[in-house]
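Biologist: I am new to this structure and would like to learn how to read its features. Could we go through them one at a time?

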Amino acid sequence: MTSTTATDKRGFNPWLVLAFISIPVFVGALDLTVVSAFLPELIIELGLPLNTGLDDAAWIVSAYLLAYTVSLTFMGRVSDLVGRRVVYVICLLVFMAGSVLVATAQGGPSDLLYSLYRRAGERPDPAYVQLQAIIIGRVIQALGAGALVPVSLALVADMFPRSKRAQPLGIIGAVDTLGWVLGHLYGGLFVQVVHWHWLFWINVPITVIALVLTLYGLRHVPQQRIKGRFDYLGSALIVGALICLNLGLGGNFEIGATTTLDTLSSAPPFGGTLLIASGVLLALFIVWELRVKFPLIDLRMFKKPAFSAGATANLLVGYALFIGLVSVPILVNVRQTDASTLRQAALQVGILLSALTVPMAIAAIPGGYLAGRIGYRLTTILGLLLAVIGFTLIWQTWSLDMSDTIIALEMALVGIGIGLTFSPISASVINAAGDDQRGVSSALVLVLRLIGMTLSVSSLTTIALQRVNFLAAIELGGVGLDPIGNAYTYAEITVRVLGELGLIGAVICGIAVIPALLLPRRGADALAA
């Protein structure tokens with residue numbers, strides 16, 4: 001393993017390289033939600049019918065998320081086998097190629113796709129062909145962007161010794177989460193100035209700069225490769241399971257000023273069948289991984305308390321995190337009284353979400369420092385308890401006429417608490433995995449958090465909708481909801497239910513304390529734990 005001291009003697013600064021590799025991670029995460037800023041404009045520009053165009057265009061987001069998840073699932077293992085630097089360069093080039101394809105999709109790529117349809121004897125609507133070309137470009141983008149995250153985490157583990165990994169690992173995780181949460185705000189500000197194509201053209205110089213700087217910074221870091229073979233069948237099984245899970249739950253990570261409980265909980269077609277398929281594929285994956293000589297994920301890692309505890313805590317943190325992320329835009333949405341204030345509401349959502357995500361990202365830095373001083377266990381518990389307090393305040397204080405200042409302060413408390421857990425949890429999982437599973441364990445950190453968020457948006461929005469309808473039926477005397485005459489009552493009920501989601505968030509963070517008690521005290525203890 002490369003030590004920080006050894007590389008420092010050659011003039012290598014791991015913290016500087018960390019800053020370099022964080023740039024494309026942030027940009028790739030931004031692009032997950034950035035399209036929300038121009039989806040309505042794109043539908044009009046392509047001439048798509050309004051009644052179906054929005055659902056079709058939503059695949060620009062959904063396809064990106066699916067490809068993002070697929071890529072990060074197995075590319076960490078690829079980096080273990082062929083070397084981190086090679087995979088990192090390939091990821092950046094793929095992301096850049098996808099960005100160019102999206103930016104030019106309405107030109108050459110659409111013409112090529114249309115000619116392929118014609119050769120097959122079909123005459124599709126040119127507008128839908130252009131949309132398909134954009135979606136294809138987005139998928140290519142995501143295949144590069146998703147792989148960047150676990151590879152970057154593994155690079156950090158290569159550069160820093162176990163005792164000093166917590167802080168830089170937490171920074172990468174926080175930058176990734178911060179990027180996709182701020183994407184819609186970034187895109188909204190950007191398209192006020194220039195056409196949406198430039199959102200993707202700007203990725204090209206940023207990627208080139210990041211590539212040059214990172215390669216320069218890594219020039220003295222030896223390539224680390226392990227012996228073995230890539231598990232193709234295992235990869236196919238786990239990727240299929242995750243895709244079916246995501247589609248079956250209908251998880252919608254698109255958040256903005258128009259977010260409502262209805263838009264988040266729209267039932268996907270064949271949802272039950274997809275969930276069954278996900279369970280079957282997961283069972284087959286477990287059976288295969290226990291039999292194959294070179295598994296994608298060595299399931300024996302879960303026998304280590306530090307690994308299994310960190311993985312469980314990370315899943316629960318992801319579940320609680322989405323409660324905070326989705327409560328604010330729904331609150332702002334139900335407080336709107338005039339459609340003309342939509343742009344102002346979008347800005348308000350962005351500011352209030354920043355009160356959650358910016359402190360969360362910043363807290364990863366002291367989280368890593370505290371992990372080194374007082375240990376992984378105590379730092380994680382401290383963060384979870386702060387989040388419990390923040391969620392409890394949401395439960396007790398949220399009302400329709402509450403001030404934005406109170407909302408921001410409570411969001412900041414939740415964000416700081418969750419942010420403090422990023423560093424020790426990530427370090428515990430990666431350190432416990434050992435050097436030969438470093439890339440895989442890095443991927444699991446992100447995959448488990450995404451699964452937690454997917455489960456959260458699917459289950460809690462369904463519960464919240466049923467709760468709102470139940471309370472509305474009681475308070476309106478069973479007459480039913482008149483969208484005009486009873487709008488204020490419905491808004492009050494919705495905010496009350498959002499407060500109850502805060503109680504659920506507090507309970508989930510409290511439950512997460514249990515696995516946190518099994519985390520190692522120090523980084524050096526993780527491998528043996």
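**Reading a patch and helix packing**

Modeller: Let us start with Ile511, whose place is in helix H20, helices being DSSP runs of H or I with at least four residues, numbered from the N terminus. This is a predicted model, in which local features need pLDDT of at least 70 and side-chain atom pairs 80 or more, while totals for chains, interfaces and linings use all residues. Residues are numbered from 1 along each chain as its sequence is written, and side-chain values use heavy atoms, without hydrogens and water.

Biologist: Which residues form the nonpolar patch on the surface?

Modeller: Patches are made of residues with over 30% relative accessible area (Shrake-Rupley, 1.4 Å probe, with only the protein chains shown as cover) and no salt bridge (Lys or Arg side-chain nitrogen within 4 Å of an Asp or Glu carboxyl oxygen), nonpolar side chains (Val, Leu, Ile, Met, Phe, Trp, Tyr) being joined within 5 Å and like charges within 9 Å. Here Trp395, Leu503, Val507, Ile511 and Ile514 together have about 440 Å² of accessible area, and helix H20 (residues 487-516) gives the largest share, four residues.

Biologist: At what angle do H5 and H12 pack?

Modeller: Two packed helices are described by the angle and the distance between their axes. Helix H5 (residues 59-82) and helix H12 (residues 232-249) pack at about 150 degrees, with axes 10 Å apart, the axes being lines fitted to C-alpha atoms over the stretch in contact, and angles running from 0 to 180 degrees between N-to-C directions. H5 and H12 are therefore roughly antiparallel (over 145 degrees; under 35 is roughly parallel, 65 to 115 roughly perpendicular, and the rest oblique).

Note on methods
Helices (H or I, at least four residues) and strands (E, at least two) are DSSP runs, numbered from the N terminus.
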